[in-house]
Amino acid sequence: MADEVILLDYWPSMFGMRTRVALEEKNIKFDYREQDLFNKSPILLEMNPVHKKIPVLIHNGKPVCESLIQVEYIDETWPGGNPFLPSDPYQRAQAKFWGDFIDKKVYGPTRLIWGAKGEEQEAGTKEFIEMLKMLESELGDKTYFGGETFGYVDIAMIGFYCWFDVLEKCGNFSIEAECPKLIAWAKRCMKRESVAKSLPDSDKITKFVPELKKKIGIE
Amino acid sequence: MAEKEEVKLLGIWASPFSRRIEMALKLKGIPYDYVEEILEHKSPLLLALNPIHKKVPVLVHNGKTILESQVILEYIDETWKQSPILPQDPYERSKARFLAKLVDEQIITAGFVSMARADEKGREALAEQTRELIMNLEKELVGKDFFGGKSVGFLDLVAGSMIPFCLERGWEGIGLKVITEEKFPEYSRWVKNLEKVEAVKDCIPPREKHVEHMNYMGERIRSA
């Protein structure tokens, strides 16, 4: 019996991108369904009644919510190919720590950079750079966060790359100047088919942000 | 020659996050050294081991540091295979992780805010929000002794340490009735089951001291 995999997603979401990349990495055929977050569909509300958020992964009718949980689910359900997480428990714990760090510390400041003004925006920019530097320090001179193979932390972070352009414009700073190794890492990731297929062009995101601001009522 | 296992846990007696680690270690019969930290005076060791978040719990296993309570629980489960706490099936695992995240992000926030609000109307509104969130756990418990099925699992430790043995103590302190047996029969049955498990029972903070502490925490938030 063939697997039925559906992904409810929103094209600019860096969280949705994680799941897209994970599915592509494992060569899993899936039905991508674009959602309108300003007019949520019945299937979204049915499959994620608790949060009503994307991405939602629906595998043979059963929903899996939360992007990093989805990435792990994909790794466990389709174990072929390169595992996203190492087999050593300590290294797995490290990877999960950094995935959690990205969710808790990196995402928040980005909203202030494109969504706020003045002092708030400046504070967001400062915080964001600080967090990126921590990530860069963790990356060191490795090819990917996990070492030689593309994995969980890379998947957790790469979606932010297509947002870098608009963040730099809004916050008036250069990420490459602050974190050159991180940019080099991102460019390496972009060479992977799974990533190139899953991330929208930077300029699409840059054009989209002012529209988004209007839609949610901030100028 | 067998290498001696060195397991050290930095925790705080009132923290549900460190209590759940103690429960897991006890469940699996793992001996450990416990270091009590003080919220207002964190030790140089804690700050060195967790410079980014500066929080407990911190697990040190043979010199390796593991941070973040849910990550620590998974590490413990993968390292010591007896009395497994995560389900085997990937879908069941994803459900357990999803609900654990709900506990540690939305339920804890709504719960603590309900305690911190000075006005009765505000408290009741937050209490209602918290009830709605906990209803997701209530539904999950139907037909089960524990979230883990017949035995205590990952979600039991996360939700147990947080709700009956932390938030409820806070609500008790301010006289706010959030969970009733009438509205939450499965939850109430589950708590009674939990209290019978030695590894859980032995790791619950002492009630009176805890209620007092939660009142103090509420005050702190209100005056902040």
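In strand E2 of chain A, Tyr32(A) is the bridge partner of Leu7(A) from E1(A), where strands (E, at least two residues) and helices (H or I, at least four) are DSSP runs numbered from the N terminus. From E1(A) the chain passes through H1(A) to reach E2(A), a β-α-β crossover that is right-handed, meaning that, with the strands pointing away from the viewer, the path from the first strand over the helix to the second runs clockwise.

Before I go on, this is a predicted model, in which local features need pLDDT of at least 70 and side-chain atom pairs count only at pLDDT 80 or more, while totals for chains, interfaces and linings use all residues. Residues are numbered from 1 along each chain as its sequence is written, chains are lettered from A and ligands numbered from 1 in the order in which they are written, and side-chain values use heavy atoms, with hydrogens and water left out.

Staying with E1(A), four bridges join this strand to E2 (residues 31-34) of chain A in a parallel arrangement, and four bridges join E1(A) to E3 (residues 56-59) of chain A, antiparallel; two strands pair if DSSP finds at least two bridges between them. On the E3(A) side, Leu7(A) stands opposite Leu57(A).

How many of the five residues of E1(A) are buried? Five of the five are, so the strand, residues 5-9, is largely enclosed by the rest of the structure, with buried meaning under 20% relative accessible area, exposed over 50% and partly exposed in between, for a 1.4 Å probe and protein chains only. Val5(A), Leu7(A) and Asp9(A) point one way, whereas Ile6(A) and Leu8(A) point the other way.

Turning to the helix of the crossover, H1(A) is mostly covered, ten of its twelve residues being buried, among them Met14(A), Arg18(A) and Arg20(A). Its end C-alpha atoms, for residues 14-25, are 16 Å apart, which agrees with the 16 Å expected at 1.5 Å a residue, the expected span being 1.5 Å times one less than the number of residues. At the start of H1(A), a side-chain oxygen of Ser13(A) comes within 3.1 Å of the backbone nitrogen of Phe15(A), and after the helix comes Asn27(A), with a positive phi near 55°.

Finally, in chain B, Gly175(B) sits in the loop between H6 (154-173) and H7 (185-195), and because its relative accessibility is 66%, Gly175(B) counts as exposed. Its C-alpha atom is separated by 9.8 Å from that of Met115(B), 60 residues apart along the chain.

Notes. Polar contact = N/O pair within 3.5 Å; in protein donor to acceptor, adjacent residues only side chain to side chain.
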